[in-house]
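Me: I'm new to this one and would like a close look at a single part. Could you take me through one loop residue and then show me what else sits around the chain?

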Amino acid sequence: MGNITAFSCFIFLTFAVFTTARPKSGPDQKCKSGPVDLVFLIDSSRSVRPHEFETMRKFMIDILNTLDIGLDTTRVGVVQYSSKVRSEFFLKTHSKLESMVKAINEIVPLAQGTMTGLAIRYLMNEAFTPGQGDRPKVPNVAVIVTDGRPQDRVAEVAAEAREKGIEIYAVGVARADMTSLRAMASPPFEDHVFLVERFDLIHQFGLQFQDKLCGIDLCLESDHGCEHICESSPGSYTCDCLPGYRLNTDGKTCSAIDLCAEGKHDCQQICTSSPGSFTCDCNQGYHLNNDKKTCSPVDLCTEGKHDCGQVCVYMGPGIFTCDCNEGFRLNEDEKSCSPIDLCAEGKHGCEQVCIYSGPGSFTCDCNEGYRLNGDKKTCSPIDLCAEGKHGCEQVCIYSGPGSFTCDCNEGYRLNGDKKTCSPIDLCAEGKHDCEQVCVNMGPGIFTCDCNKGYRLNEDEKSCSAIDLCAEGKHDCEQLCISAPGVFTCDCNKGFKLNKDKRTCTNMDMCNTVKHGCEYQCVNTPGSFYCVCPEGQLLQEDGKTCGTCKSANIDLVLLIDGSKSVRPQNFELVKKFVNQVVDSLDVSAHGTRVGLVQYSSRVRTEFPLNMYHTAADIKNAVMKVDYMEKGTMTGLALKHMLENSFSEAEGARPASRNIPRVGLVFTDGRSQDDISEYAKKAKEAGITMYAVGVGKAVEDELREIASDPVDKHFYYTTDFTAINTIAENLKLNICPAESQGEVEVKDPCACENMVEFQQGTINTLDLLTEKLAAMASRLEQLENQLLSRK
């Protein structure tokens, strides 16, 4: 192990590069070697005697006296090691020689083992770091002083340190091992490795070190071309190779020595090569013996190096298979075992029940109601009824192996004990389908009957009321009102029942009821109707009279929804519309109202036939959304003429002479021409009203309005005043109410005539029905007389 450690340390040191050499200095002259970062790594193991450590302390101070100490020239650090490593001071700690000398004189030895590899790693990872004062592009030099063989591996860590650019000088005293020194030091070894017999001779290394540090080195100052190692000699140099390599014939390059390929090894099975060295290994299934050369087969079962759940079977070197104990089988993972359940796998001879009694075993049993036969596998059903093993009072029913139920004879039911029986009274229990009366005839037997006034139907269950009226078994003059088995008489509307409770007398409705006629009540058989004086018309309530039904018009309102109206004013416009609606008698047969909003486009908010009450219209008006944008009044008039007053949107046919009224509301000048469709609207018989607010143009309003213009044109400067316009508009919709100021055709007379005709027809129909009833009654009486004879 010591040889390997020395070799590894040697590899580490040979990769170091030292600074440019300078001329030797005299006794009183400092060596001007240029900037150098120098760290002393001193062995303070227990083998170093106190006086020897003092010689080592003087050795360091003597070398420092020859160097140009300073933060910009030579920086120095000191690390001591034994079984552990301790830095006495780092490169950045002291900038003057005096403070360094003082610190060296205060060093206290550790006096333990010799862990040189650990010390070199500390040197690499801690001492030569920027945080502790290591400078970039400044040579790193380490001087290791030791008196014994390292107790750990140094070759690998030393090689790693050299690869990082640390030039290592190895100084051995007395018991030091040359192989270990060469493993640590940088090449060439004659310049970096020193071995003296005792500590008081290490000053010789100090002189040589000063010479190396200050002298001219062709390896350092020339392009020598050596691949691995350049060894200087006065005025010349030679190339050498790292351990494990040999110099090629060109005298400069190196080739790795493959001892395995050259057969220079004694491995039994496998040789693994490294430059100039090798290690032995074994084939799979074998392990390397303690001699590190020969191999022995691996019995993983015996060594317990297996993962079998139960049994491990040796199959050869490094090979095994798993098995299981009796009653178990190997799982799919080829390692673990599961108990064999012959019952679950159906690998048994039980007829009914298999009981798992342990891995690989079972016993047979039977289901409830069965008993196991002598073969201990098959089963036979148990019939408790046949065996008399029951407590039933009347009937025992075999319901399966080992079970039974009790039952009763017809007309009896099983009691709560499920064994005894009681007679069934279906009538008392309501378990019958008789509609009215159930008569108990014995256990479980009944017949049906009916209440007075009813007779039993053919199904012997349901009952039908005896309808003496329908059967003609009554003597009522007009109406017979039936009840089961009896009847009472009544009269048609307009007649009253006489004291004999059979015959009827005609009533004078106008004198006996609150008819409500405003002018005159006219009797009809069993009814009445109202009439008005000449020149007046019966209103829609059929009772009051008036000069005109002012609500009977088709009205379409065109409201301006342009951007200039503004949202708050648009809400006032909607209230204006609702004021107009409040002045009208809205209904399906009276006034119909449609609403259109326009801006840059036209939109029907609702047509004439959508709403039939003022409340629905007003509610719809308040939900209208403000359109904004432009003012296309001409386009709105065109839409009104072609769509709004069409029968498809609810306008009544022109043949009925229902007045058509259009009302245009705007707050500004139209952005298109209004002349064409304003004229066409009036030519089509539409009475046009024009209402303007704010910046509305009077000439346009007058062009829209019907004649006389002054009665159909309104204007106000303020939106808040449009409620006054709504009140004024009420005066001009019905000609009679406005003192004939506007001529509007009267639809009232025609509709009143239709009303009268319809009333007459209804009266005739009623008389016809009564005559038919009287004829039927006479026929019934005649049949009764014939039957009595």
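Reply: Start in the loop between α3 (97–105) and α4 (116–127), which is where you'll find A111. Keep in mind that this is a predicted model. The backbone at A111 has a phi near 60°, a positive value in a residue that isn't glycine. Is A111 buried or exposed? Neither, quite: its relative accessibility is 42%, so A111 counts as partly exposed, given that the exposed class begins over 50% and the buried one lies under 20%.

For another positive phi in a non-glycine residue, go to K629, where the value is near 70°. K629 is in the loop between α12 (614–622) and α13 (633–644). With 61% relative accessibility, K629 counts as exposed.

Loops also hold cis peptide bonds here. One joins P187 and P188, with omega about -5°, and P188 falls in the loop between α6 (178–184) and α7 (189–192). Another joins D707 and P708, at an omega of about -10°; P708 belongs to the loop between α15 (698–704) and α16 (709–712).

Now for the strands. Six of them form an open sheet in the order β3-β2-β1-β4-β5-β6, and the pairing is mixed. At the edges are β3 (85–89) and β6 (193–196), each paired on one side only. On average, neighbouring strands of the sheet are turned by 20° against each other, ignoring direction. Strand β2 (residues 74–81) pairs with β3 in the antiparallel sense over 4 bridges, and Y81 stands opposite V85 in β3. Finally, helix α2 (residues 50–65) lies across β1 (36–43), β2 and β4 (140–146), running at about 170° to β1.

Terms used:
Residues are numbered from 1 along each chain as its sequence is written. This is a predicted model: local features need pLDDT of at least 70, side-chain atom pairs count only at pLDDT 80 or more; totals for chains, interfaces and linings use all residues. Side-chain values use heavy atoms; hydrogens and water are left out. Two strands pair if DSSP finds at least two bridges between them. Helices (H or I, at least four residues) and strands (E, at least two) are DSSP runs, numbered from the N terminus. Axes are lines fitted to C-alpha atoms, for helices over the stretch in contact, and angles run from 0 to 180 degrees between N-to-C directions. Contact means heavy atoms within 4.5 Å. Buried means under 20% relative accessible area, exposed over 50%, partly exposed in between (1.4 Å probe, protein chains only).
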